[in-house]
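Biologist: I'd love a close look at how the helices pack against one another in this model. Could you walk me through one such crossing in detail, and then show me what else goes with it?

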Amino acid sequence: MSIDDPNSYSLGSFFLALASIFIVGKIVSSLFVKYKQPEVLGELIAGVLLGILGLIPLYGELGYDFFHLLSEVGVAILLFEIGLETDLDDLINVGLPSLIVGIIGVVAPFGLGYFTVYTLADLNFVSFGSETAQFLTALTIGATLTATSVGITARVLSELGKLKSTEAKVVLGAAVIDDVLGLIILAVISGIISTSSISGTSDISISSTEILIISAKAFGFLILAILLGNLFTKKLFIFIYNLKARGSLLLGALAYTFIFAYLAQFAGLAPIIGAFAAGLLLAKTNQKDLIEDRLKPVADVFIPIFFIMVGSAVDITAFNPFIKENIAVIILALVLFVVAIIGKVISGIGAYKLNVNKLVIGIGMIPRGEVGLIFASMGLVSGVLTKSEYSALTIMVMLTTFIAPPLLYKFFRDKWWKD
């Protein structure tokens, strides 16, 4: 847009909004850290506050696209970090209990979330529009419920001095499995949404064959990216590491990540799938620790923008119980919260062969955190979720993230559960 255009979003407004994000985000998240709550929750609350105060452009407003692009960079870096911290060998060697807990922790909440949408619709509590709209909403909500925030659980277990316990190993292994399976589900749903959009009709019939094709594409991309990437990545980063120009290793890693993100989108998948694959590959290089260390300042800039923009998109007016139309949204948020807890707590039964606190394992799987927010954000941006449905999902993610730490503190310290 022209600088002279009165409808343009000015450079000064952009800088002011960016400064507001950094200042308010850090102040609020610091308060949460002070009281032993996850920093991500502080960033979400900061986003809600900034949205209410009108200090940043909200979803659909002039100027929002600038921050949406910055937040997309942030979420790509976040998934790259997750991939970088994920050891494929450890994932393979976590053992059968972690695998079973992880699978139950995906299947149970996904199924509960999916059928919750149809049940609420059948009871006329909530309307999701056409059959296809309801189907896509059910898939997106079910997928959001599958996520587990490994970072939040790991932090609490570390504070308790329990990271070496069997429960911790099972939970952390299962949480990583959950995130990998969840990202594959995200890729499948992204493909289904894309198929629906291309059709141009509101009641497209999506066959099981098409879903299988999209699923195969998702698995195929990850497998192919890892196999082909393994052939050249180590040599490529030895070359990049030996370059003399300042910042070569960091910029090389970021460029590698963004290229993989592009390739994922080119393959019809969500770009963050490619970013995650890039992290998995660079985790195998000798430069992994250096990349992690040099990435932190960049991550500290971009990742909070994503979470603050996620928070700013929450419509808190949708939870005013005195407005009749809001009752459906409140019911949806509360039901999803209950379903989210049940779906993860029952995953603890997967460790049935171990003499461990199965309830703690289930509780450790409860927080949805970052990956759940990514799913919800994708649903809003793609048009699958309305702002009210998105707000209900975001509140569910926040509540599950709030409730898990105190429950872990209580039940890991209590001894009554021992067999």
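Modeller: Helices α3 and α10 run roughly perpendicular to each other; keep in mind that this is a predicted model. Their axes cross at roughly 105° and come within 11 Å, with α3 covering residues 64-84 and α10 residues 248-266. An angle counts as roughly perpendicular from 65 to 115 degrees, so this pair qualifies. On the α3 side you will find Val73, Ala76, Ile77 and Phe80, and they meet Ala253, Leu254, Thr257 and Phe258 of α10. By class, that contact holds 7 nonpolar residues, 1 polar residue and no charged ones. The spacing of the numbers fits a helical pattern you may know: an α-helix has 3.6 residues a turn, so residues three or four places apart point the same way.

Now turn to a second crossing, between α1 (residues 11-34) and α12 (residues 288-312). Here the angle is about 90° and the axes lie 10 Å apart, which makes α1 roughly perpendicular to α12. Leu18, Ile21, Phe22 and Gly25 are the α1 residues involved, and their partners in α12 are Val301, Ile305, Ile308 and Met309. This contact is made up of 7 nonpolar residues and 1 polar residue, with no charged residues.

While we are at α12, its own shape deserves a look. The helix bends by about 45° at alanine 299. Even so, its length agrees with expectation: at 1.5 Å a residue, its 25 residues should span 36 Å, and the end C-alpha atoms are 34 Å apart.

Two single residues in other helices round off the view. Threonine 116 sits in helix α5, which runs over residues 96-122. With a relative accessible area of 9%, threonine 116 is buried, because the cut-off for buried is under 20%. Beyond its neighbours within four places in sequence, threonine 116 touches Val335, Leu336 and Val339.

Valine 171 belongs to helix α8, residues 166-199. Its relative accessibility is 2%, so valine 171 also counts as buried. Apart from neighbours within four places in sequence, valine 171 is in contact with Thr153, Val360, Ile361, Gly364 and Met365. Leucine 157 is 14 residues from valine 171 along the chain, and the C-alpha atoms of the two are separated by 10.0 Å.

Notes. Residues are numbered from 1 along each chain as its sequence is written. This is a predicted model: local features need pLDDT of at least 70, side-chain atom pairs count only at pLDDT 80 or more; totals for chains, interfaces and linings use all residues. Side-chain values use heavy atoms; hydrogens and water are left out. Helices (H or I, at least four residues) and strands (E, at least two) are DSSP runs, numbered from the N terminus. Buried means under 20% relative accessible area, exposed over 50%, partly exposed in between (1.4 Å probe, protein chains only). Contact means heavy atoms within 4.5 Å. Axes are lines fitted to C-alpha atoms, for helices over the stretch in contact, and angles run from 0 to 180 degrees between N-to-C directions. Angles under 35 degrees count as roughly parallel, over 145 as roughly antiparallel, 65 to 115 as roughly perpendicular and the rest as oblique. Ala, Val, Leu, Ile, Met, Phe, Trp, Tyr, Cys and Pro count as nonpolar, Asp, Glu, Lys and Arg as charged, and the others, Gly among them, as polar. The expected span of a helix is 1.5 Å times one less than its number of residues. The bend at a residue is the angle between axes fitted to the seven residues ending there and the seven starting there.
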